[in-house]
Amino acid sequence: MFRGLDAGGDWAIRFEAHDAINCYAVLSGQVWLTVEGVTDVLLEEGDCVLLRCGHASRLGSALDAPPRDAWEVFPTAVEGGVVTINAGGDVYGLGGFFEFDSRHTDL
């Protein structure tokens with residue numbers, strides 16, 4: 001499942017830990033990525049990351065922006081659609097996850 005994100009102003013989205021590989025790509029602007037218990041990193045235009053299973057994460061305009069739950073933000077957007085936050089304009093990205101159903105999931 002993949003969706004686009006067009007965000008502006010102050011915002012943050014929290015993603016619960018689950019058994020999937022998360023992927024984020026920043027197409028324009030910049031966004032803070034926090035991987036719970038691991039790191040905070042500023043992603044800029046052209047950056048792409050893969051996050052392994054089992055870590056909660058957070059994307060936002062600032063490290064201290066209060067987060068909304070991802071299931072609250074994204075369910076209204078069709079797969080392949082774009083979610084707009086605060087009229088958008090500051091950062092545009094693509095994100096999603098891969099779920100595996102095999103004996104190799106732990107890898």
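## Strand S1 and its two neighbours

Glycine 4 has valine 82 of S9 as its opposite residue in this predicted model. That position belongs to the pairing of S1 with S9, a parallel arrangement carried by 4 bridges. A further bridge links alanine 7 to isoleucine 85, again in S9.

S1 also pairs with S10, here in the antiparallel sense and over 6 bridges. Within S10, tyrosine 92 is the bridge partner of aspartate 6.

## The sheet containing S1

The pairings of S1 belong to an open sheet of 5 strands with mixed pairing, ordered S6-S3-S10-S1-S9. Its edges are formed by strand S6 (48–51) and strand S9 (82–85), each of which pairs on one side only. On average, and with direction ignored, neighbouring strands in this sheet are turned by 20° against each other.

Leucine 27 is located in strand S3. With a relative accessible area of 46%, leucine 27 is partly exposed. Apart from neighbours within four places in sequence, the contacts of leucine 27 are Glu45, Tyr92 and Gly93. The C-alpha atom of leucine 27 lies 10.0 Å from that of aspartate 6, although 21 residues separate the two along the chain.

## The second sheet

Another open sheet, also described as mixed in its pairing, has 5 strands in the order S5-S4-S7-S2-S8. Strand S5 (39–44) and strand S8 (68–69) each have a single partner strand, so each has one side without a neighbour in the sheet.

Inside this sheet, S4 and strand S7 (residues 57–60) are joined by 4 bridges in the antiparallel sense. Tryptophan 32 is found opposite glycine 60 of S7.

## Nonpolar core

The largest nonpolar core comprises 20 residues, and those with the most contacts inside it are Leu5, Trp11, Ile13, Leu33, Phe74 and Ile85. At least two residues of this core are supplied by each of S1, strand S2 (12–15), strand S3 (21–28), strand S4 (30–35), S6, helix H1 (70–73) and S9. S4 provides the largest share, with 3 residues.

Tryptophan 11 can be described through its contacts. When residues up to four places away in sequence are not counted, tryptophan 11 touches Leu5, Val31, Leu59, Gly60, Ser61, Ala62, Ala65, Ile85, Asn86 and Val91. Two of these partners, Leu5 and Ile85, are also listed among the core residues with the most contacts. Glycine 60, another partner of tryptophan 11, is the residue that stands opposite tryptophan 32.

## Aromatic pairs

The structure contains 2 aromatic pairs. In one of them, the ring centres of phenylalanine 2 and phenylalanine 98 are 5.4 Å apart and the planes meet at 70°, so the geometry is edge-to-face. Phenylalanine 2 is part of strand S1 (residues 2–7) and phenylalanine 98 is part of strand S10 (residues 91–98), so this pair ties together parts that are 96 residues apart in sequence. Both rings belong to partly exposed residues: the relative accessible area is 24% for phenylalanine 2 and 39% for phenylalanine 98.

Phenylalanine 15 and tyrosine 24 also form an aromatic pair, with 5.7 Å from centre to centre and 45° between the planes, a tilted geometry. Phenylalanine 15 is buried at a relative accessible area of 15%, and tyrosine 24 is buried at 6%.

## Cysteines

A search of the whole structure returns 0 disulfides. For cysteine 23, the nearest cysteine sulfur is that of cysteine 48, at 4.1 Å, and cysteine 23 takes part in no disulfide. The sulfur of cysteine 23 is likewise the nearest cysteine sulfur to cysteine 48, which is in no disulfide either. A disulfide requires the two sulfur atoms to be within 2.5 Å, and the separation of 4.1 Å therefore does not qualify.

The two cysteines differ in accessibility: cysteine 23 counts as buried, at 12% relative accessibility, whereas cysteine 48 is exposed, with a relative accessible area of 51%.

Conventions. Residues are numbered from 1 along each chain as its sequence is written. This is a predicted model: local features need pLDDT of at least 70, side-chain atom pairs count only at pLDDT 80 or more; totals for chains, interfaces and linings use all residues. Side-chain values use heavy atoms; hydrogens and water are left out. Buried means under 20% relative accessible area, exposed over 50%, partly exposed in between (1.4 Å probe, protein chains only). Rings of Phe, Tyr and Trp (its six-membered ring) pair if their centres lie within 6.5 Å; planes under 30 degrees apart count as stacked, over 60 as edge-to-face and the rest as tilted. Two strands pair if DSSP finds at least two bridges between them. Axes are lines fitted to C-alpha atoms, for helices over the stretch in contact, and angles run from 0 to 180 degrees between N-to-C directions. A nonpolar core is a set of buried Ala, Val, Leu, Ile, Met, Phe, Trp, Tyr and Cys residues joined through side-chain atoms within 4.5 Å. Contact means heavy atoms within 4.5 Å.
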